Each structure stands twice: as structure tokens, then as C-alpha cells.
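Colleague: I am new to this structure and would like a close look at a single part of it, the sheet in one of the chains. Please take me through that part slowly, and then show me where it sits among the rest.

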Amino acid sequence: MSGMRQHARAARLLTDFDSSVNMVRALGRFLRGRDHRAMSAGPASPLLAGALAALPHTARRDLFEAMGFLQAVPLDRVSRLDGDELAHWATRQYRGERYPAVVLGAASGAAVHLAAALRAPFLPQTLLVGARDTATDPDDPVGAMRAVAPTARRIAQRNPELAVYHMHDPAQDRPMLQNLAYLRLKRLRLGRIHERFLEQRLAPGAPIILLDCTRTWRTREVGERAYFQFGCLGGLPEEEYHHSGERVAEYLRQQGSPWRHWDPPEPDARRPEAEWGFDPALESDVAWFAERFGHPVHRITVAEPQDLSPVVADLYRWWYRRRGLPGDRLLAESYVQFDPMWALRLGAVPFWLRFNMEPAYEALRDYLHATERFRDIHVNLFSQGLWSPGVVPVDRWRALAAEQAAGAGEVLGVDEDAYPLDAGSSLRYTPAFRSLPPRHSLPPPLSIEDIDEFRAQTSTMHAVDWS
Amino acid sequence: MEPSPAGYFDGMRIKDRVVVVTGASSGIGRAAALALAGHDCALVLTARREGALQQVAEECTARGGQAIVVPADVTDADAVQQVARQALDRFGRIDVWINAAAVTVFGPFQDTPLQDFRRVVDVNLMGYVHGCRAALAVLREQGRGVLINVSSIVGVIAQPYTPAYGTTKFAIRALSTSLRQELWLDGARGVKVCTVLPATIDTPLFQQAANYTGREVRAMPPVYTPERVAHTIVSLVRRPRREVVVGPMGRSLVLQSKFTPGFVEKLMAFQVHRRHLSRKHPAPAGSGNLHEPAAGTGSARGGWHGGRRTALRRTATAAMLLGAAVASASRRQR
């Protein structure tokens, strides 16, 4: 099979709104001097974004569901999935000759900016494949688990290097769940594709930065290396997914569901969280490779994916100031609407929000309270297609930005009337970033020694373990 | 029934014949029983579900036939012999024996539990063996009668994900052929063995199947009605033939497989992968009705709209033929 065809087939398997897919795409394009407009899935267009956001509420909701259908892979194809195709797709995003470092492991939008500063590619441990499923009731987790378990088992059986997590979250993923089952594939072995890439494309002695997120979740084993996870990191605490109360009942009523509570399968263990958690099984291969080829391994350990954001924000501020730039503009990006190119071109300090929910709001608030005031604060928000529990309204985000900014604080790139059903959101964020002044040329990359220097100055400030 | 001269048997009037039907609670067996009841036959109905059989018996009676119910699992040879004995006790003879009991399991070969594979072989093959032994003992003794085994076109062209079912359907054809040969060698010209090879039929088989594919099983189009198979079975009682395929698509595939077997094999694999198993409805793993009968009183049809689809196909074909005729006529006029 030709490389192009193989690449297209793998890209079709992946999901455009996945965190890891967007990290890879954003960095691949950044390293080629491009931005991450429209999640690197097409052209950005504020005009089209406006037209989509102006559609009636039900049409926008239908649009989100239709996107889920289009992103989903038919069951006959997904059951024959080959993990190497996905690894091949990821490595093909990076076309440079030799890279000075590589970031590898758990997903994090903050890590995109860390990798961009180092001019390093990111190789994800976890990738999302959406299996087409138009039959399962989003509020029947046991039914969903049973229906999808044979497919999850088959993928795991065909791919001994992968663990398969069927993640089912009727709170924040509801529109997508109408047509799609989330299968998150976690790489347990480095594998021949990644090994070859690192061997050929990593500069001699270049560091491997292993990103470890220790976040776990209650899960149920459905087969060898196949698991079911009900709920995920979002607006609801984990406990509420498993013992849902009045808030969930009210949410289900609003959504027109016949259910008033969720009755998930009994979990049998805590395992790495399907989307963000890091499975340490990958470590031994990384250590073996690093030792064999003489690459130092730097490990960054965070308890929550959001924990890396303050570190990277402070790193960028420190870096800008070292370059003589003010570093007084904060750009808060949410979920996959990040853009490493425009953060650097604007001289903006990137603060990644995991989503648009209460925990992300609190993380930004806490950071702004703890750090030196920014002159300008811009907040962009991802839209997931419904008012799921915990979504923070635009007004509160704007108020936070305005209160904390020494100059102007604003929400940008968001159609406030349509949010969080802003169907044009992904087409609008890069043009919105681009509309901000000023412009700077891209700086030379940071080295790992620069980061060590930054760490030496700030090591006690962050909830992150570097080793 | 009158044997033709020299002991040859060319078929029979259907009225008042004594017919044993296995798998009579649903699908093809049920449709065959009802069709024969419409010809005033005396029916001996057997399957696992007594409640479903009772309902079929009532429907048979309403159509003018007589029916007795003898619940049995065809995998039990003694139970099948008992069915034959009860038929003889009640009606004094057996004119026709129809083996139609069938179950199936969908799943990649390696993922299909061995006990499920074995169960399909037990029901679909050993069940027929038991039926043939019970039937032929009587038919040979009588010197006349018709034994009809329901196989499938997958007994000619195998399909993926149902190796157990396909194996049994091939075996049924071999069993029928072998029995025909023995009867011929023995000079038992009055006893006929026929095999029916239906294409996709609108029966509950697909919903009730054991399934380990992870995908919902659909009836692969084109879908024909079970009444169409029943009609063929009735015609075989009147005029026995060795093998009869039901459904034009089935006939076309069987014919094509003689000339381009490799192509047809791949075509069948592709069609099953893409159209027999849903691409958007996942399905939990389960053993279906293999080890326990399905709940309810059963039905001949499975809700796959075989009748409606057949009507649509016929209308479309008629419209095409009419269009071609009109075009041809207008060209000649010019």
C-alpha cells in the first residue's frame, strides 16, 4: 500500500476532536511553520463560523451529532484496526530531519507549548478512535459496555501493544454518543514504528521527555487489555457518575432522557484515566530505548492534566522576559483550541484549560490569583454541543478575565449566544488569536538546559514533579 | 398416494398427507406447516417450545389441517424417534418428513466458543441425522414417502463468520445425496430425498442467533419470504427433485459459483462483512437461542420485510421489462 493511502486510511480512523490527535497535528504543523487553524482539519473561516453559530438551537445540536456520525468509523473497519497504522500516522506528521528533543506520553494542551518551545515532536500514548454506534442509549452504560465489549476485545486481541478503553460519558460527550462509541487506545509498548522514528529522527543525545499523568478512574475489565470507563474528567466529579443524584436527574430531564439516574457497571479497579492518564507499562520500553541509544530521560509527573498549565505559562513568561518581551498578555486556550504558533507570534503566555468546565475555571482563577498580574487576558472556549453539568457560562469567564487583568480582560473567538453549542467555534479561534497585536518572529528554541535553569528558579512554585 | 408402475414414485397429491415438521415453531418450518395445513394435511409439529407449537397447531387447524404437537429437542435421537412413533400412533403412517430445525452462531472462528459450534452441529446436522433415521425407517417400510431436508445456499457457497452453520449446511447436502444413493442402490424408488437451498429468508433466525461478532446480525438482502420456501416445499411433495434453490439471487449465485468460484467466494465474504453484519449497531456477545429456546410463541417471519422487499423488486423488474419493451417497440416503429 502506498504511503499516502496508508496515511489517509489512518487519518480516517482517528477523530478530529481528540486531544492527542490535535496535539500531534498542531505540533506537526508548527514544526513546519504553520498554525493550528480549525484543528488542522480544514480552513478556518469566521464567516462560516458565524453562519453555523447563527443556526437555530436544534440545528446546531443536530450538527454536533452529525459531526459525531461523520467522525465515527464503521464497525467492520474498526474491528480490523492496526495500531501500527496509527503510530505511522503520528510519526508522519513530523517531517524534520533531526529533532532536539521529543515529548512522549500523556496528553496535555500545555505540553503542546512545552514541545513547541523545544521544537520537539509529541508522540501520544493514547489516541481516540470513534466506533460508529447508533444503537446504544447514552444513559445505559451497562448496555453500552456489553454492546461494544466484543469490538474492544477484538481490537485488543489484534494489537498486543495496545490497551483499549471504551470511555462512555453521557454528560459532556452526549451529542457525540448518539452516533459514536469512544475507544481510547493506550500504547503499552513503544512499538517498531515509534522506535524507528526515534532512532532515525532524534538527534544524538537528545532528551526524551516522558509526560506522566497519574490520574486514574474507576474501570471495569471486559477482556484482556480491554476496559470500560464510565464518565471522564469534566464538569462532574467521578463519584457523581457512579452515584448520581439530583443534579444528574435534572440534567437527564433537561435532555429529554427517560432515565433519572445512571446505573454503571460495578468497577473492578482504578486504572489510568482513559483520555489523560498515563499507563506506566510504556516506561520500560522508553527506558530500554533511551539507554540503548544514549538519550537522557526527563520525567514530568502531574496528578491532573491541568497541573502542567501553570508551569508552562510561567516558563513562557520567563522566556519572553529573558528575550526582552513584556510577557504580560495571557492567552487561555481550551481543550484542543490551542495554537503554539500564534502564542509565540503574539508573545502571549499560553494557559491551557482542559475544558470549559468548573475545574478548568478554578485552575485559571487560582493561577491568576497566585501569579503576577497580566495586562491583557484573553479567554477562548471550546464548545461541546450542550449545557452539560459544570459548564461555566461565558459571563463568568469574562468577569474573571476582566477582574484579574491589569488592562483588558475578554472572552474572544466565542459566539456568546451560541455557546456551548457554538458550532463554528473551531473555525474561529485561530483567526481570533491572529487578530490580536503585536507580532514577533519565532524565537530560537529553548534547550533542556534553559528549562533546567527555569526550574531552578521556580521549582517550589508548581505541583509538578520533574526528574 | 399411488406409486407409479415398476415401484417408481413421482410425487403425490398433497391433500390429507401426514407430514412431520421439525423446527415447526418458527421460520421456514412454521411457514411450511401452515402451507401444508392449507392443503388439509395432518401435521406432526415438533420443536423445543411447546407453547409456540400449540399456537402453530391452532393456526394449522384454522387453515383446515389437523395438527398434533410433540415437543422435542432434535439433538435427542430418542426424542425424535418418539416423534415418529407418535405420528404413527395417531395417523398410522408418515408421508412426508421435513427437517427444518436450525440454529446458528455468528462469530470469527477463533472467537466462537467450542460449545456453541458443537451445538450448531448437533442441531443442524445431528438433528437432521436423527430425523432422517426416524423418517427413513418408516418411509422404507412403507415403500414410499418424501424426506425434505432444508439446507441453504451457504451449503453451496460458504460465508465468513458462520463456519459452524455453513459446515452443517454443506453436510446436509452430502447427507441427502448419500441417502438418495443408498435408496437408489436398494431399489427403494418410492422414497425420495430432497434438499431445499433457500437464499436469505425473512425469519427470526438472525435475531435469535448466537453472536460473537460485536455487530448486529441483519438479514442480508435480497430477502425472500418464508412462505416462498414453504411453497417450494409443497411443490417438492408434489414433484420431488434432488435440490432446489429458493430465490433468484440464490440461483444466480449458485450458477455463478460453478463458473467463477473464486470470485463468488470473495463476493460472498465481502457482502457478509459489509451487509450481513451491521456497520453501525454494535451487539453484545451472547449465545442466543442455542442452548435455551427463545422466549415467546415464535413466528414464521423475522421482521426483515421480505414480502415488501420482494414486491418492490418485482415491481422494479416489471417496470424495467416494460420500459425495455416500450423502447424496443418504439425503435422498431422508427
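Modeller:
**The sheet of chain B**

Let me begin inside the sheet, where strand β4 (residues 96-99) of chain B and strand β6 (residues 145-150) of chain B run parallel and are joined by four bridges. One residue pair makes this concrete, for B:I98 has B:I148 in β6(B) as its bridge partner. Please keep in mind throughout that this is a predicted model.

Stepping back from that pair, we find an open sheet of seven strands in chain B, which pair in parallel and follow the order β3-β2-β1-β4-β6-β7-β10. At the edges stand β3 (66-69) and β10 (243-246) of chain B, and because each has a single partner strand, one side of each is left without a neighbour in the sheet. From one strand to the next, the twist averages 20°.

Helices also belong to this picture. Helix α5 (residues 163-186) of chain B packs on the sheet, where it touches β6 and β7 (191-198) of chain B, and its direction makes about 160° with that of β7(B). Helix α8 (residues 248-259) of chain B packs on the sheet as well, touching β7 and β10 of chain B, with a direction that makes about 125° with that of β10(B). Strand β7 of chain B is thus touched by α5(B) and by α8(B), while β10(B), which α8(B) touches, is one of the edge strands described above.

As for the surroundings, chain B meets chain A in a contact that takes 15 residues from chain B and 17 residues from chain A. On the side of chain A that touches chain B, the elements giving two or more residues are α5 (75-78) and α8 (141-158) of chain A, and α8(A) gives the most, with seven residues. By class, the residues on that side of chain A are eight nonpolar, four polar and five charged.

Chain A itself is assigned two domains, domain 1 (3-47 + 57-302) and domain 2 (309-445), and the centres of these two domains of chain A, taken over C-alpha atoms, are separated by 23 Å. Their contact takes 41 residues from domain 1 of chain A and 37 residues from domain 2 of chain A. On the side of domain 1 of chain A that touches domain 2 of chain A, α7(A) gives the most, with eight residues, and that side has 23 nonpolar, 10 polar and eight charged residues.

How values were computed: Residues numbered from 1 in each chain as written. Chains lettered and ligands numbered in written order. Predicted model: local features only at pLDDT ≥ 70, side-chain atom pairs only at ≥ 80, totals over all residues. Domains from an automatic or database assignment. Contact = placed C-beta atoms within 7 Å. Nonpolar A, V, L, I, M, F, W, Y, C, P; charged D, E, K, R; others polar. Pairing = 2+ DSSP bridges. Axes fitted to C-alpha atoms, helices over the stretch in contact; angles between N-to-C directions.
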